[in-house]
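Welcome, and please open your viewer. We will go from stop to stop, selecting a few things at each one.

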Amino acid sequence: MKEKKIGVYPGSFDPITNGHLDIIKRASKLFDEVIVLVAYNSSKTNNRFSVKERVEMINDAIKDMNNVRCDSYDGLTINFAKMNNAKFLIRGLRVVSDFDYEWSLAASNEFIDHEIEMVFLMAKKENTFISSSNIIELASMGVDVSKLVPSKVNEYLISMNKNK
Ligand code: ADP
């Protein structure tokens, strides 16, 4: 039997945006299964949303995609990939500055495990300005970001502003 092609899309997703979602949709056409991974480091606590909240927002956004699931992992993404028989790591590229970071990440991953393949998808041009931090900043200043994020995220942002 042919081996299932499984791709892991790791990130902070703090929170997930329509830019991330576009990468997930496109990856779901390339792979048999895509695992969106909220990768975190429990010793770093500078996140805006908890892992549980981030997973909840992702699960709501991917609920209609039948070959996509979400998980979270505290540790090396490569270890998670191995445990899940995934040979591919998916990342998105927006602007040239992303390239520097992704380059060193890819080199580190190759150092750890040269069998893992990194797959980069270019952001759609209308999504290049969307980042989780940009969304938080705009939303906290009262800008309507409903066209830039999945509906559950928008709900979270609205209640975050109300509770300020
Ligand atoms: P990390 O902290 O690991 O960079 P992010 O959640 O910020 O986590 O991003 C996860 C991945 O998604 C990264 O490869 C990033 O470049 C990509 N990404 C983020 N925003 C977008 C976007 N608007 N369009 C396409 N890819 C994106």
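## Stop 1: the ligand and its surroundings

Select the ligand and the residues of the shell around it: six of these residues are nonpolar, six are polar and four are charged. Keep in mind that you are looking at a predicted model.

Which residues come nearest to the ligand? Out of the 16 residues around it, they are Tyr 9, Ser 12, Phe 13, Gly 92 and Ile 130. Next, colour the elements that help to build this shell. The strands β1 (6–11) and β4 (88–93) and the helices α1 (18–30) and α4 (96–112) each supply at least two of its residues. If your viewer can draw pockets, turn them on: the ligand sits in the largest pocket.

## Stop 2: three polar contacts

Now show the atoms of Tyr 9, Gly 92 and Asn 127.

- Tyr 9 uses its side chain: a polar atom there lies 2.7 Å from an oxygen atom of the ligand.
- Gly 92 uses its backbone: an N or O atom lies 2.6 Å from an oxygen atom of the ligand.
- Asn 127 also uses a backbone N or O atom, which lies 3.0 Å from a nitrogen atom of the ligand.

How much of the ligand does the protein bury? Taken alone, the ligand exposes 550 Å², and the protein buries 86% of that.

## Stop 3: the loop between β1 and α1

Move on to Phe 13, which you have already met as one of the residues that come nearest to the ligand. Phe 13 is found in the loop between β1 and α1. Before you look at its backbone, a little background helps: most residues other than glycine have a negative phi, and most peptide bonds are trans. Phe 13 is not a glycine, yet its phi is positive, at about 45 degrees. Is Phe 13 buried or exposed? Phe 13 counts as buried because its relative accessible area is 3%, and the cut-off for buried is under 20%.

Stay in this loop and select Pro 15, which also lies between β1 and α1. Look at the peptide bond that leads from Asp 14 to Pro 15: this bond is cis, with omega near 5 degrees.

## Stop 4: the loop between α3 and β4

Select Asn 85, in the loop between α3 (77–83) and β4. Here is another residue with a positive phi that is not a glycine, this time with a value of about 55 degrees. Is Asn 85 buried or exposed? Asn 85 has 55% relative accessibility, so it counts as exposed, for which the cut-off is over 50%.

## Stop 5: three pairs to select together

For this last stop, draw a line from C-alpha to C-alpha in each pair.

Start with Val 8 in strand β1. Val 8 is buried, with a relative accessible area of 0%. Its partner here is Ile 35, 27 residues apart from Val 8 in sequence and 4.7 Å apart in space.

Then pick Ile 135 in helix α5 (residues 132–140). Ile 135 counts as buried, at 2% relative accessibility. Add Thr 17 to the selection: Ile 135 and Thr 17 are 118 residues apart in sequence, and their C-alpha atoms are 8.0 Å apart.

Finish with Leu 105 in helix α4. What is the relative accessible area of Leu 105? The value is 26%, so Leu 105 is partly exposed. Leu 105 and Met 118 are 13 residues apart in sequence, with 9.6 Å between their C-alpha atoms.

How values were computed: Residues numbered from 1 in each chain as written. Predicted model: local features only at pLDDT ≥ 70, side-chain atom pairs only at ≥ 80, totals over all residues. Heavy atoms only, no water. Near = heavy atom within 4 Å. Polar contact = N/O pair within 3.5 Å; in protein donor to acceptor, adjacent residues only side chain to side chain. Areas by Shrake-Rupley, 256 points an atom, 1.4 Å probe, with all protein chains shown as cover. 1 Å grid on protein atoms, 1.4 Å probe; cavity = no way out; pocket = protein on both sides within 12 Å on 5 of 7 lines; lining within 4 Å. Sits in = over half its atoms within 2 Å of the grid points. Helix = DSSP H or I, 4+ residues; strand = E, 2+ residues; numbered from the N terminus. Nonpolar A, V, L, I, M, F, W, Y, C, P; charged D, E, K, R; others polar. Buried < 20%, exposed > 50% of the residue type's maximum accessible area, 1.4 Å probe, protein only.
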